[in-house]
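Q: I'd like a close look at one part of this model rather than a tour of the whole thing. Please pick a single region and stay with it.

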Amino acid sequence: MSENAAQKPFPVSWDQFHRDARALAWRLNGAGPFRALVAVTRGGLVPAAIVARELGLRVIDTLCVASYEHTTQTEMRVLKGLSETVTRLGGDNGEGLLIVDDLVDTGRTARIIRETAPKAHIAAVYAKPMGKPLVDTFITEVSQDTWIFFPWDTGLSFQPPIRENGA
Ligand SMILES: O=P(O)(O)OC[C@H]1O[C@H](OP(=O)(O)OP(=O)(O)O)[C@H](O)[C@@H]1O
Ligand SMILES: O=c1[nH]c(=O)c2nc[nH]c2[nH]1
Ligand SMILES: [Mg+2]
């Protein structure tokens, strides 16, 4: 999604995120074996830590990608590719690598990852319909017009009563 003007908010708490990331680890447990884990920064760092802990993975790399300024989709920039060590572990095509992100939305990020490592296993905690076909594993699907608010991007604030908003 390039703009979030008319999107449905889907706030996720730390507890909920931990539960969903752990559910992802359960699902991935049968999909390995994995030789290394790659976190897609920055959002993928949080589920990567949880999944790595659950699956006993200790070789962890980052794929540093930026494609959104707040809620606006911008030109895609790969700021850092896979390290030499992890590229060697995964062979030429990324087989045996587990690549983790927080969500897949339009699928643009996942498409770039797929080009970098075609045989890697790509996993995301949340998926929207456009991006869903581009990942191998995900946990929760939300509609395309949903904007997911992650706990590291949000804080507690006063909520006006529903009635006062004219709902
Ligand atoms: O499927 P797409 O439309 O490509 O969107 C999904 C990507 O967008 C977000 O990252 P973002 O580029 O905002 O960077 P961040 O992880 O640093 O927040 C999210 O963490 C995914 O990586
Ligand atoms: O915090 C976020 N929530 C989303 O729904 C989303 N889609 C792309 N990038 C995103 N970042
Ligand atoms: Mg990201």
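A: Let's take the central sheet, then the helices on it and the ligands beside it.

A quick note on reading it: this is a predicted model, where local features need pLDDT of at least 70, side-chain atom pairs count only at pLDDT 80 or more, and totals for chains, interfaces and linings use all residues. Residues are numbered from 1 along each chain as its sequence is written, while chains are lettered from A and ligands numbered from 1 in the order in which they are written.

The sheet is open and mixed, with six strands in the order 4-3-2-5-6-7. (Strands are DSSP E runs of at least two residues and helices H or I runs of at least four, numbered from the N terminus; strands pair if DSSP finds at least two bridges between them.) Strand 4 (72-80) and strand 7 (137-141) are the edges: each has a single partner strand, so one side of each has no neighbour in the sheet. From one strand to the next, the twist averages 20°, with angles running from 0 to 180 degrees between N-to-C directions of axes fitted to C-alpha atoms, for helices over the stretch in contact.

Over at the strand 7 edge, strand 6 (residues 121-127) runs parallel to strand 7, and four bridges join them. Ala 127 has Glu 141 of strand 7 as its bridge partner.

Now for the helices. Helix 2 (residues 45-55) packs on the sheet, touching strand 2 (36-41), strand 3 (60-69), strand 5 (97-104) and strand 6, and its direction makes about 160° with that of strand 2. Contact here means C-beta atoms, placed from the backbone, within 7 Å.

Which residues of helix 2 are buried? They are Val 46, Pro 47, Ala 48, Val 51 and Ala 52, buried meaning 20 or more other C-beta atoms within 10 Å of a residue's own. Those residues pack against helix 1 (14-28) as well as strand 2, strand 3, strand 5 and strand 6. Just past helix 2, Gly 56 has a positive phi of about 70°.

Helix 4 (residues 108-116) lies across strands 2, 3, 4, 5 and 6, at about 140° to strand 3.

Parts of this region also meet ligand 1. Strand 2, strand 3, strand 5 and helix 4 each supply at least two residues of its shell, and strand 5 gives the most, with four. Of the 18 residues around ligand 1, Arg 42, Gly 43, Tyr 68, Thr 106 and Thr 109 come nearest; a residue counts if its C-beta atom lies within 6 Å. Tyr 68 is also among the closest of the eight residues surrounding ligand 2, along with Asp 105, Trp 147, Ile 148 and Phe 150.

Technical notes:
Contact = placed C-beta atoms within 7 Å. Buried ≥ 20, exposed ≤ 12 C-beta atoms within 10 Å, placed from the backbone.
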